[in-house]
Amino acid sequence: MPEKINTSLADKSGNIDSFADHYLANEQLLNLLESTNTGLWERNIITNDAWWSPKFCELLGHSYGELELSYTFFINHLVHPDDRDLVYDAFKNHLRDESIYKVEFRILTKSDGYRWFESSGKAWPDENGKLSKMIGSITDIDQKKKYELELKRNQFLLAETNKIANIGGWELDTDTMEVSWSQQIFESDKMPLTSKVEINKALGFFEADQHKTIINAVNDAIDFCKPFDLEVKFRTPDSSITWIRTKGIPVVDDHGKCITIRGIFQNIDEIKTKELNLQASLDLLGDQNKRLQNFAHIVSHNLRSHSGNLQFMVNIFDEDISIADRTEIFTNIRSISESLATTIDHLNEIVKIQTEISKELKPVDILQIFKSTQSALDSNISETRAIICCDFSECPIVNYVPAYLESIFLNLLTNSLKYRQPGRAPRIVCNSYWEDGHPYLTFEDNGSGIDLDRHGEKVFGMYKTFHKNTNAKGIGLFITRNQIESLGGTIKIESTVNVGTKFTIRLV
Amino acid sequence: MTLLENIKTVCVIDDDKIYVYGLKKLISIKQLCPNLLEFPNGKEAMDFLVNPENQSALPDIIFLDINMPVMDGWDFMDHFVKIKSQLGKKITVYMVSSSINDDDINRAKNISDVSDYIVKPVSPAKLVELFNLAA
């Protein structure tokens, strides 16, 4: 369209003096143009004289002829100060390399302040071939521009918010099973910014043990339109592990079919790591607390029985009794004091196990410890004609406290010999192995066994004895358990009366 | 102190020798009862009770400890509930233990055949009271 005007202008350029005249002369064309809400302008590049069409004036809220016919006036008084350079640069570039002149800038209107306009135009040469004038048009783009700016601002705000919250978005097309994700995921999680990735390939970004959870969640979302909210371990391309929270919401079509899953992807590594640490501390504390409580109970119970007896004897002493009785009671008091000392020694031993946090773990040769323990019990073993087999080849070395392992073997061996089934030579089998990354020991005998239905809970308790054996003290297994648990291990017992007993120990 | 005529035999089931000695001594000082049976665990006491030969020697009161090897106080009560009707005699059972654990105390109180739960040591006055209650 402007081409035509320009052509007509060029035709008449020779005999028309003022800008206005040749526009107004072609009234029909002008009317047509002005009816499109487009204002026309012309500027003499050399003199900076200008002409503003009636519509141009109207768009700025002026009546025709009210505006000074000067480009200098226009640029200095009507164009927004911040946009002057922009307008000027566009003009300069256009003259230099004929780049398209099309600028969006703010112009001061008569009563409505600055409004956004788009101005475009073209420079034309005079008869000498020199660029002498520029002709162009303006349109009011205020509303559009404001929406655009608002959108930009919102996008910026969203991007910033996402960045601050470490959130990105993703979308899964359930038809193609392809996933795409936002710039934010690319930035914060160092994901490659490819357009779409097949879900199985995307799954590869997660730790192997998380795949099942994710697949189930996605399948549930697709099949049952069930949203999900997961915390999963994500492996960034540089192979570091990051905790991610991902929520997915199914988008359902008119037929109730899930066509897309849309979701967010939030980096929660810091908070999750803290949570896990906190949970670990809590577990540790809970565990310690339980053991402390248990210990307090043991202390109270075992000291109470002695103090009770002492009080008992003292009470009787106060009664009207004979000298002989007094001597007898004193013998008892002495005996109580000895038991009390022994109990306190035992308790001390337990306290030592519980509090020796800085226990030195070192590689221990299990076989060597076993053999040395065995030789310490040599006379008992030959006396009972026990047969002892061991195989530590699957796990020969373990990081442990040597003294504890020795004590564990000593207690278990002693027990097996002590509680052998009468009329049967003890057979003891001890093995070590690895399972799920933990070293294990099993210790099995063919002794008299114990009724776990009756005594199960108490086997590892303090001063719990179950047989008529007079040298049973009920301290061995209690210490064994404490030693094992203090190093983070566990001990389990299986037993059948008259058949034998098997201990399974997870060392660490 | 007068001898309670209807309490002729007392039974102590406890593996704590000193406690048994003390109880025995106190009973004789207070002249509470002429005969005393003692067993180091529930099993031996149960064997005695169910043996028909001992029909005439059955105790009137049993002082029962909780923590004992072989058969503890709870196991003893399980058996006692089953055999008591065959004994042909009312026997008062007191559970006596140094345990102040609420679980133990409540458990004992919930056994109808246990007349009372006494925390060791038993004072002379308390012992007399227990005898009078059983008489």
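Colleague: Against which elements do the buried residues of α17(A) pack?

Modeller: They pack against α11 (269–318), α12 (323–355), β14, α15 (402–418), β17 (490–496) and β18 (500–506) of chain A. A contact means heavy atoms within 4.5 Å. This is a predicted model, in which local features need pLDDT of at least 70, side-chain atom pairs count only at pLDDT 80 or more, and totals for chains, interfaces and linings use all residues; side-chain values use heavy atoms, with hydrogens and water left out. Residues are numbered from 1 along each chain as its sequence is written, while chains are lettered from A and ligands numbered from 1 in the order in which they are written.

Colleague: Why is helix α17 of chain A called largely enclosed?

Modeller: The helix spans residues 476–486, and 10 of its 11 residues are buried, so the rest of the structure largely encloses it. Buried means under 20% relative accessible area, exposed over 50%, and partly exposed in between (1.4 Å probe, protein chains only). The buried residues include L477(A), F478(A), R481(A) and I484(A). Just after α17(A), G488(A) takes a positive phi of about 85 degrees.

Colleague: What makes a segment a helix or a strand, and how many of each are there in chain A?

Modeller: Both are DSSP runs numbered from the N terminus: a helix is H or I over at least four residues, a strand E over at least two. By that rule chain A has 17 helices and 18 strands. Chain B has five of each, in the order β-α-β-α-β-α-β-α-β-α from the N terminus on.

Colleague: How do you know which face of strand β14 of chain A is covered?

Modeller: In β14(A), residues 397–400, V398(A) and Y400(A) form the covered face, while I397(A) and N399(A) form the uncovered one. In a regular strand the side chains alternate between the two faces of the sheet.

Colleague: What makes β12(A) a partner of β14(A)?

Modeller: Two strands pair if DSSP finds at least two bridges between them. Four bridges join β12(A), residues 362–365, to β14(A), and the strands run antiparallel; the pair therefore meets the criterion. P363(A) stands opposite N399(A).

Colleague: Which strands does β6(A) pair with?

Modeller: Seven bridges join β6(A) to β11(A), residues 258–267, in an antiparallel arrangement. Four bridges join β6(A) to β7(A), also antiparallel. L172(A) has I261(A) as its bridge partner in β11(A) and V179(A) as its bridge partner in β7(A). β6(A) and β7(A) form a hairpin with four residues between them, and M177(A) in the turn has a positive phi of about 55 degrees.

Colleague: What makes a space a cavity, and how many of 30 Å³ or more does the search find?

Modeller: On a 1 Å grid over the protein atoms alone, a cavity is a set of points where a 1.4 Å probe fits but cannot get out; lining residues have an atom within 4 Å of a point. Grid points are joined across faces, edges and corners, and a volume is the space filled by probe spheres set on the points. The search of the whole structure finds four cavities of 30 Å³ or more, and the largest has a volume of about 280 Å³. Of its 17 lining residues, the closest to the centre are W170(A), V179(A), A202(A), F206(A) and F265(A). The largest share of the lining, three residues, comes from α9(A).

Colleague: How is the lining of the largest cavity made up by class?

Modeller: It has 16 nonpolar, one polar and no charged residues. Ala, Val, Leu, Ile, Met, Phe, Trp, Tyr, Cys and Pro count as nonpolar, Asp, Glu, Lys and Arg as charged, and the others, Gly among them, as polar.

Colleague: Why is V70(B) called buried, and what is N37(A) called?

Modeller: V70(B) has a relative accessible area of 18% and is therefore buried, whereas N37(A), at 44%, is partly exposed. V70(B) lies in the loop between β3 (61–64) and α3 (73–87) of chain B, and N37(A) in the loop between α3 (27–34) and β1 (38–44) of chain A. Neither is a glycine, yet phi is positive, about 65 degrees for V70(B) and about 70 degrees for N37(A). Most residues other than glycine have a negative phi, and most peptide bonds are trans.

Colleague: Where is there a cis peptide bond in chain B?

Modeller: One joins K120(B) and P121(B), with omega of about 0 degrees. P121(B) is in the loop between β5 (114–119) and α5 (124–134) of chain B.

Notes. 1 Å grid on protein atoms, 1.4 Å probe; cavity = no way out; pocket = protein on both sides within 12 Å on 5 of 7 lines; lining within 4 Å.
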